[in-house]
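Q: Please take a close look at one part of this model for me and tie it to what surrounds it. Keep it relaxed, but spell out your cut-offs.

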Amino acid sequence: MVLGINVAVSPFSICILTEDNKEFIVQETGTREFTETLIDKISSLCEKAGGTLADLKAVGVVHGPGAYTGLRIGVVTAKSLGQSYGIPIYSISTLEAIALSHLKTPEIGRAHV
């Protein structure tokens, strides 16, 4: 499972992508509670995807531009999970993440024009 975290801009979201390409997404419009309970939401989303935090293979997080506090919370959460479980962390710009979310391509990060 791969985890994606966006708490830089509203709507805040987390996403799990499983090995069989199933997506599990939680999305909320800019509430403070989302960031306060982020790790609980991630854990619950892992369970819905059929696993646990220990099953994560990588974490992706947006690194900005965006709200300063949201960026700090997202990056610290990603780094904490990476360090705790020995998994890689990848960052992506907020603008690139928004652009990629509008593409319907099978390969993340590659636009076919």
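A: Let's start with L95, which sits in helix α4 (residues 94-101); helices (H or I, at least four residues) and strands (E, at least two) are DSSP runs numbered from the N terminus. L95 is exposed, at 58% relative accessible area; exposed means over 50%, buried under 20% and partly exposed in between, using a 1.4 Å probe and protein chains only. L95 is 73 residues from K22 in sequence, and their C-alpha atoms are 24 Å apart.

A word on the ground rules: this is a predicted model, so local features need pLDDT of at least 70 and side-chain atom pairs count only at pLDDT 80 or more, while totals for chains, interfaces and linings use all residues. Residues are numbered from 1 along each chain as its sequence is written, and side-chain values use heavy atoms, with hydrogens and water left out.

Now for the part I'd like to dwell on, strand β4. This strand covers residues 58-62, and four of its five residues are buried. On one side of the pairing list is strand β1 (residues 2-6), which runs parallel to β4 and is joined to it by four bridges; two strands pair if DSSP finds at least two bridges between them. Within that pairing, L3 has V59 in β4 as its bridge partner. Strand β5 (residues 89-92) also pairs with β4 in the parallel sense, again over four bridges. There, V62 is partnered with I92 in β5. To get from β4 to β5, the chain passes through helix α3 (residues 68-85), and this β-α-β crossover is right-handed. In other words, with the strands pointing away from the viewer, the path from the first strand over the helix to the second runs clockwise.

V62 also leads us over to N6, which belongs to strand β1. Setting aside its neighbours within four places in sequence, N6 is in contact with P11, F12, S13 and V62, where contact means heavy atoms within 4.5 Å. N6 counts as buried, at 13% relative accessibility. Its side chain has polar company in the backbone: the side chain of N6 reaches the nitrogen of A8 at 3.1 Å and the oxygen of P11 at 3.4 Å. A polar contact is a pair of N or O atoms within 3.5 Å; within protein, one must be able to donate a hydrogen and the other to accept it, and residues adjacent in sequence count only if both atoms are side-chain atoms.

On the way into β4, there's a loop from α2 (38-48), and G51 has its place there. G51 is buried, with a relative accessible area of 10%. Outside its neighbours within four places in sequence, G51 touches M1 and C46.

M1 and C46 turn up again among the contacts of I16, as do L3 and L56, with residues up to four places away in sequence left out. I16 is also one of the residues with the most contacts inside the largest nonpolar core, alongside L3, I5, I14, I42 and L56; this core has 21 residues. A nonpolar core is a set of buried Ala, Val, Leu, Ile, Met, Phe, Trp, Tyr and Cys residues joined through side-chain atoms within 4.5 Å. β4 is one of the elements giving two or more residues to this core, together with β1, β2 (12-17), α2 and α3. The largest share, four residues, comes from α2.

Since α2 keeps coming up, here's K41, which lies in that helix. K41 touches I14, E28, E33 and F34, not counting residues up to four places away in sequence. With E28, K41 forms a salt bridge (3.4 Å, N to O), meaning a side-chain nitrogen of Lys or Arg within 4 Å of a carboxyl oxygen of Asp or Glu. This pair links distant parts of the chain: K41 in α2 and E28 in strand β3 (residues 23-28), 13 residues apart. K41 is buried, at 17% relative accessible area, whereas E28 is partly exposed, at 24%. The structure holds two salt bridges, and D20 with K22 make one of them, at 3.9 Å from N to O.

Finally, β3 runs antiparallel to β2, with six bridges joining them. C15 stands opposite I25 in β3. The two strands form a hairpin with five residues between them, and N21 in the turn has a positive phi of about 65 degrees.
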